[in-house]
Amino acid sequence: MTCGPASGAAAAALCVVLGLGLCRWLFPGPRPPRPRCGRLWKPPQPALVALLNAAGRALEGCGVRKTFTAGSLLRDARNREGGLADFGDRFWLERLEVLVEDTHASNDFAPLGRLFRWNAIVRNLGSVLRLNDLFKKHPGIADVQLGRLVVIAGLPRTGTTALHRYLACDERIRSIPFWEAQFPVPLPGERGAEKRKVMGRRLCGVARYLCPELFDTIHPTEWDQAEEDTLFLEHTFSSGIAESVSNVERFSKHLETADYVPVYRHVRRVLQLLLWQRPVPSNTMVLKAPCHMEHLDALLAVFPSAVVIQIHREPSQSLPSLLSMNCHLHALYSGTVDPDAVTRHWTAKARRMLAKAAETRERHPESFVDVAFRDLVRDPVSEVRRIYARAGLPASETAENAVREQAALYKAKGKKNGHDYSLADFGLTKEGVDTTFEEYRTQFAKYLA
């Protein structure tokens, strides 16, 4: 980072933006309208975030800007982790380099967004360093046997989170709560997991502060509830998180041709570590992440006995919800969101996810269980029973009662805090979406009717 010569004009500009930020804090305006195509969307921001971004832009005007390279990120991670240096197989290094280049080339990032990206990368690299260090200190972790793996797939906004949390109600199934998804690897000198639980609780609170509509309404998040394993793929810069929060087209294309077998081998090591820390009798685990849909061949190569649950919902219903959610995700990192760009990217992405999953189904039909969204909403207990039968788990009255309680909570929250969106918001029509996803709708018509 460099800073140009100080000047009275720069200092005055900084005072102005700080003053404007303070005014916005003291006198907040009305809530902005929801995102719509055809115009840039100025996302709602907490007053403190707006103030810090304004200050950051002023500093950038003076020549001070947070920049980083793949090499500097590796050094930052080593320093943060007290000198640990073993990153293992760096098959992910080119992905990191492309991500860094795309981040700096993008105009999407607000100053805080760029800082968030730097911190997330360093934290992920730190998890890799500590994971490799633990496997060296405790070689028995590598001998932990995984039980049956239940993997929930399906496009985002098709009920995957609901089903995930229904299955997580069963204490016989090892799920991954938010705090553990964020911080799966014990910290130096940590006994138990209390410190990481506190960190997870605080991070969940920060997320809600940054975007309450996203984490309270669209994707309700609790620090101790089951959460996606997407972050384990992000350790190797191989998840869809980066493209969910920013326009990084080159990075997205790079991932389309990447080899994911090493990625899932890394995920297997993380799962072994989790079971080593907190096992369940059968070591049965439930995972959930829509991004698995593009890479199910690699997942099944590493976990050949996995049961893949694919949930089906009409794309004309799930797609606008997905687009709205991703506009809010972009808002975490950007000052301004382009709903048209989000619509183009994620409509094409959704088609690709379904197409790649269909290819895997042709090669491994025995690995899949299909669930209709409508059936999951109408009778979740029956759908959970079907999944249990396929996964070789006996039914449990205690778990079924917990599912009923969770479903009642979902129903109550849905009535109180509805997610507001429409196809028209994103320049779409039902007829157009039906045509775009015609092949998928024909193949799975009985689950969509």
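**Group meeting: a walk through the model**

Let me start at Ala-331, which, setting aside neighbours within four places in sequence, is in contact with Trp-41, Pro-43, Gln-45 and Val-337. Hello everyone, by the way, and please keep in mind throughout that this is a predicted model.

Where does Ala-331 sit? You will find Ala-331 in helix α15, which covers residues 315-333. Is Ala-331 buried or exposed? Ala-331 has a relative accessible area of 9%, and because buried means under 20%, Ala-331 counts as buried. If you like to measure distances on your own screen, try Gly-427: Ala-331 and Gly-427 are 96 residues apart in sequence, and their C-alpha atoms are 20 Å apart in space.

Next, move to His-330, which is also placed in helix α15. His-330 is buried, at a relative accessible area of 3%. Which residues does His-330 touch, leaving aside its neighbours within four places in sequence? The list is Asp-108, Glu-243, Ser-244, Val-245, Ser-246, Asn-247, Val-337 and Val-342. Val-337 is worth marking on your screens, as it turns up among the contacts of His-330 and among those of Ala-331.

Now let's zoom out to the whole protein. How many helices and strands are there? The protein has 22 helices and four strands. Its radius of gyration is 22 Å, close to the 22 Å that the globule rule gives for 449 residues, so the protein is as compact as a globular protein of that length. Along the principal axes, the C-alpha trace spans about 75 × 55 × 40 Å.

What about the inside and the outside? Buried residues account for 54% of the 449 residues. The protein exposes about 20100 Å², and 56% of that area is supplied by carbon and sulfur atoms. Looking at contacts between residues at least 6 apart in sequence, 81% join residues at least 24 apart. As for charge, there are 60 positive and 50 negative side chains, with the centres of the two sets lying 4 Å apart.

Cysteines usually come up at these meetings, and here is where they stand. How many disulfides does the structure hold? The number is zero. Why is Cys-169 not bonded to Cys-204? The sulfur of Cys-204 is the closest cysteine sulfur to that of Cys-169, but it is 17 Å away, which is too far for a bond. Cys-204 is in no disulfide, and its nearest cysteine sulfur belongs to Cys-211, 13 Å away. On accessibility, Cys-169 has a relative value of 23% and counts as partly exposed, whereas Cys-204, at 5%, counts as buried.

Back to helices, with a few stops to click on. Thr-360 is found in helix α16, residues 339-363. Thr-360 is buried, with a relative accessible area of 2%. Not counting residues up to four places away in sequence, Thr-360 touches Leu-296, Asp-297, Leu-300 and Phe-368.

Our next stop is Ala-70, in helix α3, which runs over residues 70-80. Ala-70 is buried too, at a relative accessible area of 10%. Apart from neighbours within four places in sequence, Ala-70 is in contact with Leu-96, Glu-97 and Val-100. How far is Ala-70 from Arg-57? These two are 13 residues apart along the chain, and their C-alpha atoms are separated by 24 Å.

Leu-96 gives us a link to Asn-119. Asn-119 and Leu-96 are 23 residues apart in sequence and 14 Å apart in space, C-alpha to C-alpha. Asn-119 is in helix α5, residues 111-137, and is partly exposed, with a relative accessible area of 31%.

To finish, let's visit two loop residues with backbone angles to check. Arg-157 lies in the loop between β1 (149-153) and α6 (160-168). Its phi is near 75 degrees, a positive value in a residue other than glycine. The other one is Phe-237, in the loop between α10 (230-234) and α11 (241-245). Phe-237 has a positive phi of about 55 degrees, although it is not a glycine. Is Phe-237 buried or exposed? Phe-237 is buried, with a relative accessible area of 0%.

That is the tour, and I'm happy to go back to any of these stops.

Key: Residues are numbered from 1 along each chain as its sequence is written. This is a predicted model: local features need pLDDT of at least 70, side-chain atom pairs count only at pLDDT 80 or more; totals for chains, interfaces and linings use all residues. Side-chain values use heavy atoms; hydrogens and water are left out. The radius of gyration is taken over C-alpha atoms; the globule rule is 2.2 Å times the number of residues to the power 0.38. Buried means under 20% relative accessible area, exposed over 50%, partly exposed in between (1.4 Å probe, protein chains only). Contact means heavy atoms within 4.5 Å. Accessible areas come from the Shrake-Rupley method with a 1.4 Å probe; for residues, only the protein chains shown count as cover. Lys and Arg count as positive and Asp and Glu as negative; His and the chain ends are not counted. The place of a charge is taken as NZ of Lys, CZ of Arg, CG of Asp or CD of Glu. A disulfide is a pair of cysteine sulfur atoms within 2.5 Å.
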